[in-house]
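Morning, everyone. I have one structure to go through today, so let me put it on the screen.

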Amino acid sequence: MKISRLMQDSGVSFGTSGARGLVSDMTDQVCFAYVQGFLSYLGTIGEFKSGKEVALAGDLRPSSPRILQACIAAIEFSGGKPVFCGYIPTPALSYYAYAKKIPSLMVTGSHIPADRNGIKFNRAEGEFLKSDEVKMGEQDIAIPSHLFDQAGNLLEIPMLPEPLSVKEEYIKRYKVFFGENALSGMNVGVYQHSAVGRDILTKIISSLGGKALPFGRSDSFVSVDTEAVREEDVAIAHHWASENAVDAIITTDGDSDRPLMADEHGKWLRGDLLGILAVECLEAKGVATPISSNTALEDKHPNISIERTKIGSPYVIEAMNTLIEQEVSPAVGYEANGGFLLGTPVYRKGKKLEKLPTRDSVLPILCALAASQNSDKSLSALVGDLPNKYTASDRIKDVPTAFSKKKLASLRDDISSGMKELGFLDLCGNVKSLNEVDGIRVTFDSGDIVHLRPSGNAPELRLYVESYSEERVQFLLSNGLQFLSRWKNEL
């Protein structure tokens, strides 16, 4: 069968970060077939052959070990040599695999709940792009049915081998570049929850001379979305900050490729503001970032080459590669969720930071902490120096993607009438412009921005807003969610 057929029929489809679906749909057979198709495609472009190593790792959700076993079975069936790297952050796996120029895959559902999971694929020297996805879908595979029972379970389950340790090289990457005294005297809270990088993050802070204070470690999986912070996480960060003298509180999503950072008061920062601080720290000359990221970037840095893209790291990488082709350096990318990509090496004070063209949570966190340390300004003061542009986002869960696309298509036909019917004209004034790079993004005469799009990873309708004050964006967000809930009532 063709992989494109599998994508349609299995319930496990490709989103912006690889294959994702309900754990119940991600049977051993489905996962095996996806990996088989991935390696088959790599074989057509010369990046895989019999005997080639394939690195893999997973996050801490309960279903990850079983899916990893199915992936190992597929690698071995295809003639590859699995290199199990254990349970480590996605960027740590990528850093190892890119250095060895071997394919890799990460079993992770990122920030989505534990009843879902996924497989993220990487080529030998970079992320799997949308063009790769299309070509992978064209692969014809023969699923070896004799390996599975009628429910799609493997009849012989391979053991997970002793993991190869790749953590130290990932930690060393930051220790060498920033210096072992870069965070000397700083107290950094580390919200560990169930993030796969929780212990590595603590070690990195300590290796740079800071004091890491672990908080909130969990034995069960916690779904932390860096773009839609839970109310309980808002409250607990304020509590930790009030009870402890901290310069910042840091955490990540489940597979630790997206950062979440709070200032000294326990106030969580938006990932796109963290991205701007990292751009400044690294003195980037070119930036690729999605259309949903805060426009304070253009206001603060009008002379930087900026490419605005669809939401999702594959699109950011494509635009970042365009900047690199134009010999813009350093060239970076970041997303509103905080994930930061380094497309070219960075040189500073005789030290070199190698490129890592995949989402990373550690680099923007360290850039912000280093900027605070070097300027003798608090994190809140650094953010306060940025232009007065504020963003917020949230989601309406359990809204099928097909339904969201249908409603947005109807809205697009007459945007002013549609915005009026929803209630946004009364709040924001007349429509000034419409951007359709990804979903529907409307700028109003007031300067307010409202952006609607279906999630690429889950059945959710995403709402993004931007305005001139925090109070204003929260007002727009709460009202916008009420407006859009009418759509959900039609289901």
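Strand 7, residues 187-193, pairs with strand 8 in the parallel sense, over 6 bridges. Within that pairing, Asn-187 stands opposite Lys-211 in strand 8. Keep in mind that this is a predicted model.

Now the sheet around that pair. Strands 7 and 8 belong to an open sheet of 4 strands, in the order 8-7-9-10, and the pairing is mixed. Which strands stand at the edges? They are strand 8, at 211-217, and strand 10, at 259-262. Each has a single partner strand, so one side of each is left without a neighbour in the sheet. From one strand to the next, the twist averages 25°. As a reminder, strands of a sheet pair through backbone hydrogen bonds, either parallel or antiparallel.

Next, the helix on this sheet. Helix 7, residues 198-207, lies across strand 7, strand 8 and strand 9, the last of these being 248-252. Relative to strand 7, helix 7 runs at about 170°.

Last topic, the aromatics. How many aromatic pairs does a search of the whole structure find? The search gives 16. One of them is Phe-84 with Tyr-87, an edge-to-face pair at 5.8 Å centre to centre, with 85° between the planes. The pair counts as edge-to-face because that angle of 85° is over the cut-off of 60 degrees. Phe-84 is buried, with a relative accessible area of 5%, whereas Tyr-87 is partly exposed, at 29%. Elsewhere on the list, ring pairs link Phe-14, Tyr-34, Phe-38, Tyr-41, Phe-121 and Phe-128 into a cluster.

That is what I have.

Note on methods. Residues are numbered from 1 along each chain as its sequence is written. This is a predicted model: local features need pLDDT of at least 70, side-chain atom pairs count only at pLDDT 80 or more; totals for chains, interfaces and linings use all residues. Side-chain values use heavy atoms; hydrogens and water are left out. Rings of Phe, Tyr and Trp (its six-membered ring) pair if their centres lie within 6.5 Å; planes under 30 degrees apart count as stacked, over 60 as edge-to-face and the rest as tilted. Buried means under 20% relative accessible area, exposed over 50%, partly exposed in between (1.4 Å probe, protein chains only). Two strands pair if DSSP finds at least two bridges between them. Helices (H or I, at least four residues) and strands (E, at least two) are DSSP runs, numbered from the N terminus. Axes are lines fitted to C-alpha atoms, for helices over the stretch in contact, and angles run from 0 to 180 degrees between N-to-C directions. Contact means heavy atoms within 4.5 Å.
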